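Me: I'm new to this structure and would like to learn how to read its salt bridges. Could you walk me through them, step by step?

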Amino acid sequence: MASSGFRLDVDYEIEREKIKRFLEKFECEPSDAISPSRRSRSRGVVRQFPYQEYLKQIADRTLTKLEVSLDDVAKYDETDRLAFDIENNTRRYVSLFYEVIDELLPENNVAPSEDSDPIEVIIYQRRQQDAAREGTSAKPFPPDLTRRYAVTFKPRSVQKAVSVRDIKAAHVGKMVTVRGMVTRVSDVKPQAVVLCLSCDKCGHEVFQEVASHSTTPISQCTSEECKKNGTKGKLHLQTRASKLIKFQEIKLQELTDQVPMGHIPRSMSIHMYGEMTRSVNPGDVVLLSGIFLPVPYTGFKALRAGLITDTYLECHHVRQTKKQYAQMQETPEIAAQIETLADDPNIYTRLAKSIAPEIWGMSDVKKSLLLLLVGGSTKEMQDGMRIRGDLNICLMGDPGVAKSQLLKQISKIAPRGVYTTGRGSSGVGLTASVMKDPITEEMVLEGGALVLADNGVACIDEFDKMEDTDRTAIHEVMEQQTISISKAGITTTLNARASILAAANPQYGRYNLKKRVSENINLPTALLSRFDILFLMLDTPTAAQDLRLAQHIAYVHMHLRHPRVEGDADAVDTAVISNAGFRHYIAKARKFAPTIPKEVADYVVNAYVHLRSRAKELEEFQYTSARTLLSVIRMSTALARLHFAEEVTIAHVDEALRLMDVSKASLLDREDGPAQDPISVIFELIKTLSKDSHGQMQKEVSINRLRDRVIGKGYTEDDLSACLEAYRDLWMVTANGSKLRWMGVEEEEEL
């Protein structure tokens with residue numbers, strides 16, 4: 001490996017020959033790692049000499065960007081000297097590659113047709129003029145004007161990414177890879193590379209190369225004819241004959257784990273050109289590789305700054321660390337893994353266990369969070385009205401029940417997850433702010449946390465600590481999923497199609513049983529009705545559960561991982577799925593759009609009417625409205641998507657209703673307590689589950705379904721067994737203990 005210093009004895013003619021030999025003679029085996037984009041550009045054929053094929057495509061105008069992999073350069077040059085020099089003097093080697101490629105490219109002498117691009121016509125005419133100018137004193141045309149491709153470098157796979165604050169003066173001019181989050185993306189605008197100026201007296205064309213963002217065009221003609229005639233012809237800009245490329249500036253900010261204690265995150269300007277533009281969006285966590293360069297201030301900033309210059313990164317390569325669901329590509333191994341998981345009848349529980357396995361218990365809370373990640377299907381009507389499919393969940397509970405840890409885990413699992421706290425967030429920080437663009441000096445919008453979480457999850461901790469004025473800013477986001485802005489002359493609507501996951505404490509820190517429910521929650525009804533599920537997580541002292549929780553926490557602190565199997569720490573648990581497999585499974589599930597059959601729709605309607613009839617019992621806890629019906633439909637659809645089903649079934653609806661009951665179970669158990677007879681409650685529950693969508697009694701009901709609902713209500717299997725024994729004269733257990741058959745239902749007897 002070469003030493004980490006600059007080489008002073010570089011002969012660039014020799015370097016040119018090295019580059020030429022590399023482009024002509026580099027070969028790879030068919031099994032070598034060639035990117036899928038390269039395969040597609042090669043029309044599905046893996047070439048033995050890939051860069052020769054790329055040069056042919058550039059000559060045929062079918063390829064506009066040549067990405068040179070430094071892994072390929074290091075593989076070709078065994079001394080590793082060429083790759084090292086490219087990394088330490090990148091800008092110079094970009095120009096060397098341009099010069100060598102211009103020599104190697106065959107001339108495209110095909111006359112342009114009527115369908116050709118206007119630039120092709122101009123280039124063809126320029127070549128003819130070049131041939132006519134041979135032997136004259138006319139200046140040749142700049143190579144940037146006729147060059148129809150761009151050269152970029154892909155960093156080595158072993159190169160480590162650094163944070164923004166770790167880039168120092170020693171990195172100027174070198175290839176660096178920086179990791180961070182994109183916070184702002186400017187509009188794509190044309191930037192001049194070569195200006196074409198024509199004289200109004202003699203018609204002479206002058207070409208002026210532009211090396212920075214600002215330049216002063218030449219005003220007087222310098223041709224021999226104007227000098228001979230003594231006329232000072234004025235030069236006018238010809239936009240059609242000039243060369244303009246796409247330009248975009250983005251802001252990259254440090255991630256939370258890269259900021260030292262007591263510091264604020266730093267940001268860096270990234271410049272993107274040509275095909276690199278529009279490759280990132282606000283909220284993306286990316287690895288950007290490019291050349292770290294200084295740029296002098298211009299205009300009034302230059303008067304204030306003096307000799308101080310700004311810095312930026314000229315981007316060459318972008319790599320997404322967490323791709324969006326729609327951008328994930330399935331490999332054969334991942335497809336086989338997803339197929340295996342889909343065949344598992346217990347996949348619902350396995351995926352729920354894979355969310356924060358270090359946190360003990362809370363299976364129903366994790367199942368709800370799993371449904372939040374999957375989401376329901378967004379419906380769009382013919383008149384343009386949208387009904388959201390994303391779920392909103394609020395976790396309210398006593399301190400120390402791992403609410404914040406669950407929020408952190410969800411923000412890491414989701415491809416677009418933003419974590420923020422209520423006290424540290426303002427209404428403008430959550431929605432959007434108006435600021436002045438540093439380049440164009442126009443008033444532009446900068447998205448807040450909810451805009452950055454578009455098509456993702458926004459996790460808001462300490463939700464109860466937010467100011468009321470700031471909290472009202474998210475009312476529109478939670479239902480319409482848009483943000484309406486009307487400030488500083490800008491009137492627009494931004495998309496914020498995000499799921500809201502909020503965590504809050506009761507008003508008095510811990511839940512006070514002597515106070516009413518509404519006094520403990522202290523959130524407005526208009527906001528509570530927008531949450532699909534409001535989980536009340538109370539810290540109830542129970543000897544058996546406290547013992548298991550303490551053992552679990554002690555094991556995690558000793559071994560820095562969760563116990564593999566409960567009760568046997570050394571056994572291997574295959575139920576937990578990795579984050580990568582988790583994301584790919586959810587990406588596949590989100591492609592399904594299940595429909596609701598008529599019988600299931602009738603069942604949902606009857607269930608909603610039953611919930612409204614019980615509204616008096618829970619009016620202080622959660623207001624039951626039409627939004628509750630939509631919540632049941634969204635959760636049922638999410639369950640169907642999770643099982644790769646094309647239709648929603650009654651079992652999916654029952655599970656959605658069970659989760660809604662479980663969210664209130666801890667409160668009901670503590671309020672009513674021993675006054676309720678478990679056997680009577682379970683008997684009424686069995687009667688309810690035995691009715692079909694039309695209210696008619698069915699002959700049989702599944703005992704597994706009964707067991708799930710009974711446990712979801714907070715009772716035990718012993719209570720269920722006691723109920724079955726107490727009313728054994730009314731039913732009989734059949735099908736090896738899996739079915740409960742009513743006796744006398746055929747005669748339609750009233751129970």
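Me: Which salt bridge do the side chains of Glu-462 and Lys-465 form, and what is its N to O distance?

Reply: Happy to help! Keep in mind that this is a predicted model. The general idea is to look for a side-chain nitrogen of Lys or Arg within 4 Å of a carboxyl oxygen of Asp or Glu. Here, Lys-465 and Glu-462 pair up through their side chains, with N to O at 2.9 Å.

Me: Are Glu-462 and Lys-465 buried, exposed or partly exposed?

Reply: Buried means under 20% relative accessible area and exposed means over 50%, with partly exposed in between. Glu-462 has 27% relative accessibility, so it counts as partly exposed. Lys-465 is partly exposed too, because its value is 30%.

Me: Which salt bridge joins Lys-465 and Asp-464?

Reply: Their side chains meet with N to O at 3.0 Å.

Me: How far apart are the closest N and O atoms of Asp-654 and Arg-705?

Reply: In that salt bridge they are 2.4 Å apart. The pair links distant parts of the chain, 51 residues apart: Asp-654 belongs to helix α26 (residues 650-672), and Arg-705 to helix α28 (residues 703-712). Asp-654 has a relative accessible area of 5%, so it is buried, whereas Arg-705, at 22%, counts as partly exposed.

Me: Which residues are joined into one network by salt bridges that share partners?

Reply: That network contains Arg-388, Glu-479, Asp-532, Arg-627 and Arg-634.

Me: And how many salt bridges does the count come to?

Reply: By this rule, the model has 22 salt bridges.

Key
Residues numbered from 1 in each chain as written. Predicted model: local features only at pLDDT ≥ 70, side-chain atom pairs only at ≥ 80, totals over all residues. Heavy atoms only, no water. Buried < 20%, exposed > 50% of the residue type's maximum accessible area, 1.4 Å probe, protein only. Helix = DSSP H or I, 4+ residues; strand = E, 2+ residues; numbered from the N terminus.
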